[in-house]
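Biologist: Could you take me through one part of this model slowly, as if I were new to reading structures? I would like to look at the aromatic rings and how they sit together.

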Amino acid sequence: MRTGELFDLLRDGRPWTRAQLAEATGLARSTITARIDTLMRLGLVAPFGGARSTGGRPPALFALNPTAKLVVGVDIGATHASAALTDLNGSILGEVDAQIAVADGPEAVLSWVVESVRDLLEASERPVEDLAAIGIGLPGPVEHSTGRPINPPIMPGWDRFDVPAYLQEKYPVPVLVDNDVNIMALGERRRHLRDVDDLVLIKVATGIGAGIVSGGVLQRGAQGTAGDLGHVRVPGADDVPCRCGNSGCLEAVAAGPALAAAVRAQGEQAENGGDVVELVRSGSRVAMGVVRQAGRDIGEVVATMVNLINPSVVVIGGQVAGAGEHLLAGIRESVYHRSLPLATEHLRIVTSRAGGEAAVLGASALAIEHVLSPDVVEAASEALAAADAAAEAEAARRR
Ligand SMILES: [Zn+2]
């Protein structure tokens with residue numbers, strides 16, 4: 001077992017003794033001692049409680065040192081952006097927001113990110129060397145392996161733009177990019193559903209999409225489009241045209257603009273999904289009925305997902321989730337009617353609790369997962385060993 005994998009055990013945040021680590025890994029005590037020493041030199045592990053034992057004896061307990069490094073999580077929306085500085089536990093140390101349109105193009109938006117990272121580090125009084133990675137969520141399809149958006153419909157100028165390269169000119173750290181729904185799923189899990197390994201987060205806003213966590217791992221699929229359920233066909237909507245060129249898509253009947261149109265058709269005023277949510281909150285029966293039907297339509301598609309991947313929690317997020325129980329009731333109605341009893345027996349369908357913070361928390365989680373992954377920790381410990389060997393050779397040469 002490598003140092004990176006030993007570190008993986010220590011990530012649970014609990015204190016470990018050398019004996020416990022030896023038992024869990026099967027490694028010799030002397031090997032454990034050497035590897036813990038490496039991880040302490042990297043700053044990733046610290047004596048538990050921060051205090052060394054007295055009398056010159058080495059410390060007895062060790063745990064992850066969450067303050068060793070920092071990451072920044074960034075959420076870019078259609079008309080807003082926010083960035084949060086967090087430690088390696090995902091605790092937020094500082095946050096900034098701006099009204100900025102993704103349609104202004106990558107340079108305008110990413111130069112805001114560069115400034116925000118600088119401002120957040122300055123405010124925290126930490127040096128730029130402590131920054132370990134940046135995670136970013138974008139409102140469109142992203143090729144996760146390269147960090148490039150691919151044909152994003154609401155992001156002119158961004159197609160195949162090299163987001164990591166742009167930021168790395170200023171900050172030479174790993175930059176992880178994903179779509180907004182995937183990072184929301186990660187954020188919701190990190191903050192409120194840590195023990196849930198199978199969950200789906202459905203974002204209902206101007207569009208509809210899903211972030212899927214299965215077996216504890218975010219599922220992106222072969223090209224990164226897994227969970228793109230806005231253009232799945234729903235029964236009974238064949239004549240409704242969609243902006244994608246097809247008709248009968250879920251988005252065309254149940255996303256924010258469709259709900260506003262349905263409300264207007266019944267004589268009330270609404271420009272977007274946010275207005276519809278406001279109407280529901282003020283007691284409009286028309287808006288309540290429209291939202292409930294949208295819930296049923298979303299539920300038709302969610303029922304198929306439930307049958308296919310058997311999640312234990314379905315989280316509804318995004319602007320329209322503000323309609324709360326009216327939306328959930330419609331979704332539950334279809335899901336319980338359409339899914340297999342065994343799949344729904346322990347299924348929870350809930351609204352997002354992380355809400356607006358889910359995305360930045362998830363972007364931070366994306367960065368943390370990379371920084372603390374066994375491979376990255378292993379590479380850092382190998383680099384340290386190589387530097388030690390070089391220093392030793394240099395000392396021998398001078399003697
Ligand atoms: Zn469509």
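Modeller: Gladly; what follows is a walk through the aromatic rings, with a short stop at a pair of helices afterwards. Keep in mind that this is a predicted model. The structure holds two aromatic pairs. In one of them, the ring centres of Trp158 and Phe161 are 6.4 Å apart, and their planes meet at 65 degrees; an angle over 60 counts as edge-to-face, so that is the name for this pair. The other pair joins Phe161 to Tyr166, with 6.0 Å from centre to centre and 50 degrees between the planes, an arrangement called tilted. Phe161 takes part in both pairs, and the ring pairs link Trp158, Phe161 and Tyr166 into a cluster.

Now for how much of each residue is accessible. Trp158 has 0% relative accessibility and therefore counts as buried. Phe161 is buried too, with a relative accessible area of 17%, because the cut-off for buried is under 20%. Tyr166 has 24%, so this residue is partly exposed.

For the helices, let us turn to H1 (residues 3-10) and H2 (residues 18-25). They pack at an angle of about 115 degrees, and their axes are 11 Å apart. The crossing of H1 and H2 is right-handed. On the H1 side, Leu6, Leu9 and Leu10 make the contact, meeting Leu21, Ala24 and Thr25 of H2. Sorted by type, the residues of this contact are five nonpolar and one polar, with no charged ones.

Conventions:
Residues numbered from 1 in each chain as written. Predicted model: local features only at pLDDT ≥ 70, side-chain atom pairs only at ≥ 80, totals over all residues. Heavy atoms only, no water. Axes fitted to C-alpha atoms, helices over the stretch in contact; angles between N-to-C directions. Helix = DSSP H or I, 4+ residues; strand = E, 2+ residues; numbered from the N terminus. Left-handed = near helix turned anticlockwise from the far one by under 90°. Contact = heavy atoms within 4.5 Å. Nonpolar A, V, L, I, M, F, W, Y, C, P; charged D, E, K, R; others polar. Phe/Tyr/Trp six-rings, centres within 6.5 Å; stacked < 30°, edge-to-face > 60°. Buried < 20%, exposed > 50% of the residue type's maximum accessible area, 1.4 Å probe, protein only.
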